[in-house]
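Hi,

Here is the structure I said I would pass on. Have a look at it first, and my notes follow below.

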Amino acid sequence: TQSRKDSKSTSTMSKISREALTDAVKAIVKGAETKKRGFLETIDLQISLKNYDPVKDKRFSGVFRLPVVPRPKYSVCILGDAKHEGEARAAKIPVLTADDLKKLNKNKKAIKKLADQYDAFLASASLIRQIPRIMGPGLNKAGKFPSVLGGGDNIVDKVDDQKATVKFQLKSKKTLCMGVAIANVKMSEAEILNNITSAVNYLVSLLPKNWQQVKRLYIKSTMGRSHRIFGFLTHKNVC
């Protein structure tokens, strides 16, 4: 599995028309302003691949740090040692200690409830290896096994990294489609464009044959319609 993490746009030249992308972003933002919702709409990047066999071809997986946080309400919980517990409480970030986790007593329902309560977890390096023994496989099964929080890491920066990170990976061997939250409708047009172009270029760099394996790209707000930004249009939705 190929995996890379980068906070900068790759050098891959984008084949997306700047005009088409800008028009799509403007339409999404205008649509959100015209029909305001009671929540912050995210903007998703919808991807459809071609010339790629998810069974036979080499798997790809990439984690990318977007320039601007797309989901400010994305919740992260710290599973911390004494040092990180103090830092997390000072920064008003949710935190649980090893003793808190032991109290769950490997109860599957309690662990599932915890996994459902947060979008992601960070665990102190000194604690992370103990988590399977203390909690069992629950977080892993939920796809939320913690990322490592090093002793010298700035806890606020690491939480922001989690909020701004997207993962490009096909969910199964039966699909050629995927989607990630790339922005939100309250971001500036420049911020939205920057997030999209940098993420698309990163995605393309992961693919063995780059743009030759991208069939269609769309962007879509939570409640809005899809807007094609690359590839031929046959349906309004990618998948």
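Ala 123 in β6 has Val 148 in β7 as its bridge partner. This is a predicted model, by the way, so read everything here with that in mind. The two strands, β6 and β7 (residues 147-149), run parallel and are joined by 3 bridges. β6 also pairs with β4 (residues 76-79), again in parallel, this time through 4 bridges. In that pairing, Ile 78 sits opposite Leu 122 of β6.

How many of the residues of β6 are buried? The count is 5 of 5, so the strand is largely enclosed by the rest of the structure. In a regular strand, side chains alternate between the two faces of the sheet. For β6, both faces are covered: Ala 120, Leu 122 and Ser 124 are buried on one side, and Phe 121 and Ala 123 are buried on the other.

β6 also turns up in the surroundings of helix α4, so that's where I went next. Within α4 (residues 108-117), the buried residues include Ile 111, Leu 114 and Ala 115. These cover an arc of only 100 degrees around the axis, which puts them on the same side of the helix. The cover over the buried residues of α4 includes β5 (95-96), α3 (98-102), β6 (120-124), α6 (131-135) and α7 (138-141). The other side of α4 carries Lys 109, Lys 112, Lys 113 and Asp 116, which are exposed. At the start of α4, a side-chain oxygen of Asn 107 comes to within 3.0 Å of the backbone nitrogen of Lys 109.

Two of those exposed residues also pair up: Lys 112 and Asp 116 form a salt bridge, with the closest N and O atoms 3.0 Å apart. Being 4 residues apart in α4, they are separated by about one helical turn.

The total for salt bridges comes to 6. One that caught my eye is Glu 189 with Lys 26, where the closest N and O atoms are 2.9 Å apart. Glu 189 belongs to helix α9 and Lys 26 to helix α1, so this pair ties together parts that are 163 residues apart in sequence. Both ends are partly exposed: Glu 189 has a relative accessible area of 31%, and Lys 26 is at 45%.

Thr 22 belongs to this corner too. It is found in helix α1, and leaving aside neighbours within four places in sequence, Thr 22 is in contact with Glu 189 and Leu 193. Is Thr 22 buried or exposed? With a relative accessible area of 14%, Thr 22 is buried.

Another salt bridge joins Asp 153 and Lys 158, with the closest N and O atoms 3.9 Å apart. Asp 153 is partly exposed at 29% relative accessible area, and Lys 158 is partly exposed at 22%.

Now for the nonpolar cores. The largest has 40 residues, and Phe 168 and Ile 219 are the ones with the most contacts inside it. At least two residues of this core come from each of α1 (18-34), β2 (42-49), β8 (165-168), β9 (177-184), α9 (189-206), β10 (214-221) and β11 (226-230). α9 gives the most, with 9 residues. Not counting residues up to four places away in sequence, Phe 168 touches a long list of partners, among them Leu 45, Ile 47, Phe 60, Phe 64, Met 178, Val 180, Tyr 202, Leu 203 and Leu 206. Apart from that core lies another one, of 16 residues, including Cys 77, Leu 79, Ile 134 and Met 135.

Last, a couple of backbone details. Which residues have a positive phi although they are not glycines? Asn 51 is one of them, with phi at about 50 degrees, and Asn 210 is another, also at about 50 degrees. Asn 51 lies in the loop between β2 and β3 (62-65), while Asn 210 lies in the loop between α9 and β10. Asn 51 is exposed, with a relative accessible area of 54%, whereas Asn 210 is partly exposed, at 32%.

Cheers

Terms used: Residues are numbered from 1 along each chain as its sequence is written. This is a predicted model: local features need pLDDT of at least 70, side-chain atom pairs count only at pLDDT 80 or more; totals for chains, interfaces and linings use all residues. Side-chain values use heavy atoms; hydrogens and water are left out. A nonpolar core is a set of buried Ala, Val, Leu, Ile, Met, Phe, Trp, Tyr and Cys residues joined through side-chain atoms within 4.5 Å. Buried means under 20% relative accessible area, exposed over 50%, partly exposed in between (1.4 Å probe, protein chains only). Contact means heavy atoms within 4.5 Å. The arc is that of the directions from the helix axis to the C-beta atoms. A polar contact is a pair of N or O atoms within 3.5 Å; within protein, one must be able to donate a hydrogen and the other to accept it, and residues adjacent in sequence count only if both atoms are side-chain atoms. A salt bridge is a side-chain nitrogen of Lys or Arg within 4 Å of a carboxyl oxygen of Asp or Glu. Two strands pair if DSSP finds at least two bridges between them.
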